[in-house]
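Look at the chain below with its strands and helices in view. The walk-through starts with the annotated segments, moves to the sheet, and ends with the helices.

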Amino acid sequence: MLKGYVPPYNATVVQKLLDQGAILMGKTNLDEFAMGSGSTDGVFGPVKNPWSYSKQYREKRKQKPHGEKEDSNWLITGGSSGGSAAAVAAFTCFAALGSDTGGSTRNPAAHCGVVGFKPSYGLVSRHGLIPLVNSMDVPGILTRCVDDAALVLGVLAGHDPKDSTTVQDPVKPFTLPTLTDVSKLCIGIPKEYLAPELSSEVRSFWSKAANLFESEGAKVIEVSLPHTSYSIVCYHVLCTSEVASNMARFDGLEYGHRCDIDVSTEAMYAATRREGFNDVVRGRILSGNFFLLKENYENYFIKAQKVRRLIANDFVNVFNSGVDVLLTPTTLSDAVPYLEFIKEDNRTRSAQDDIFTQAVNMAGLPAVSVPVALSNQGLPIGLQFIGRAFRDQQLLTIAKWFEKQVQFPVIQLQELMDDCSSVFEIEKLGSVSLKQ
């Protein structure tokens, strides 16, 4: 829909980074209009996970017989901001921006072994971010360590006159203190997040992380978020409803793609949207318009808004009971191969993969996914910390302490590096011979 479109202005987050001297490396790939959880439905094709080419994963794979071609066996990055996570994981940039509506920054961060941070709703400006769900969207930050995420947040946070949902209070850049004593902390483990689909490996690392906090003197308690089971359905209704509203701006008149049909304005609208959107986007628009029909509005949209309030109140009650942060899984398992992932349709996959992440967006809370360890396959697994609204600094401070304890291994792309260095050598020889 926006092929060849050059925006006339920068998003506030981009402009703030440029103002501080950051260098923009380029734009990253993602699911079309950020609708997906695998980064497999982008207009530029799917995003490949750098860990597919890591020494850790390849060594584990050699032990297993496999008939398929190496080329088709790459892993997904998770989504929707998979290109941003892949860019950071592959050492091509210091940090990358994503968007987080239901976990779109934290999900790929977990699969790519990087830190994915979703700030509190209203802390970072959404001006210039193409909206998916206005009431949940937040620009996300992807980095290789928690300190870097805090550094980027310090640049991005604060009021923006172009976005009325941002906080009015001035936000000062901060450096994270080094936490040495966690004995005064209370860590909550939501029992509803023990989903039947959760892989045994993720469950094991989740349990070990809780034990780590306990062994260091922190109080670890089981808590309940009773309305969790309704959150996926509630999220789907609200998400598609807002999508139907937001996507109405892409009509072929003002900007973006326009079809050649000139029979009538209505025909031009319809054909433009048919050509410009993929199946996933069209499906969500149709669902949303159904929920917003006059006869369905009370039964679906209003009901979902009420359930959303109950979900948000669950978090409020838990934090009011003395819990400092919640510790949960980020994803159900480590990254799966692309061919495995596409066996299910986009909607089913999104419902499965956003299970631990989207409730946070409905409540507007900050959350961060931190890589914890490698699975038996040599792939990253991440865990999520959820904090109180606008206590982003406290959340990142705890995440930094945890990151230091687990010492997640660096991705080893040695074979690729060797290949690259040999290419550079050949080019150097070529350039030398040309000069002669």
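How much of the chain is helix and how much is strand over residues 1-54, and how far apart are the end C-alpha atoms? The model is a predicted one. Over residues 1-54 it has 15% helix and 0% strand, and the end C-alpha atoms lie 35 Å apart. Residues 76-396 give 40% helix and 14% strand, with 27 Å between the end C-alpha atoms. UniProt lists both ranges, 1-54 and 76-396, for "domain: Amidase", in an unreviewed entry.

Turn now to the sheet. Eight strands build it, and it is open. Their order is β1-β3-β2-β7-β8-β6-β4-β5, with mixed pairing. The edges belong to β1 (95-100) and β5 (219-223). Each has a single partner strand, so one side of each lacks a neighbour in the sheet. On average, neighbouring strands are turned by 30° against each other, direction ignored.

Within this order, take β7 and β8. β7 covers residues 367-374 and β8 covers residues 380-386. The two run antiparallel and are joined by seven bridges. Proline 371 stands opposite glycine 382 of β8.

Which strands does helix α14 lie across? Helix α14 (residues 392-406) lies across β2 (115-118), β6, β7 and β8. Its direction is at about 5° to β7. Helix α10 (residues 298-320) lies across β5, β6 (325-329) and β8. α10 runs at about 125° to β6.

Each of these helices also meets another helix. Start with α14. Its axis and that of α5 (residues 146-156) come within 9 Å and cross at roughly 160°. An angle over 145 degrees counts as roughly antiparallel, and that makes α5 roughly antiparallel to α14. The crossing is left-handed. From α5, the contact uses Val146, Asp147, Ala150 and Leu153. From α14 come Asp392, Leu396, Ala399, Lys400 and Glu403. By class, the α5–α14 contact holds five nonpolar, four charged and no polar residues.

Next comes α10 with α7 (residues 231-246). Their axes are 9 Å apart, and the packing angle is about 130°. α7 and α10 are therefore oblique to each other. α7 passes α10 in a left-handed crossing. On the α7 side are Ser231, Cys234, Val237, Leu238 and Ser241. They meet Tyr300, Phe301, Ala304, Gln305, Val307, Arg308 and Ile311 of α10. The residues of the α7–α10 contact divide into eight nonpolar, three polar and one charged.

Conventions: Residues numbered from 1 in each chain as written. Predicted model: local features only at pLDDT ≥ 70, side-chain atom pairs only at ≥ 80, totals over all residues. Heavy atoms only, no water. Pairing = 2+ DSSP bridges. Helix = DSSP H or I, 4+ residues; strand = E, 2+ residues; numbered from the N terminus. Axes fitted to C-alpha atoms, helices over the stretch in contact; angles between N-to-C directions. Contact = heavy atoms within 4.5 Å. Parallel < 35°, antiparallel > 145°, perpendicular 65-115°, else oblique. Left-handed = near helix turned anticlockwise from the far one by under 90°. Nonpolar A, V, L, I, M, F, W, Y, C, P; charged D, E, K, R; others polar. UniProt positions renumbered as here; feature names shortened; annotations may be inferred.
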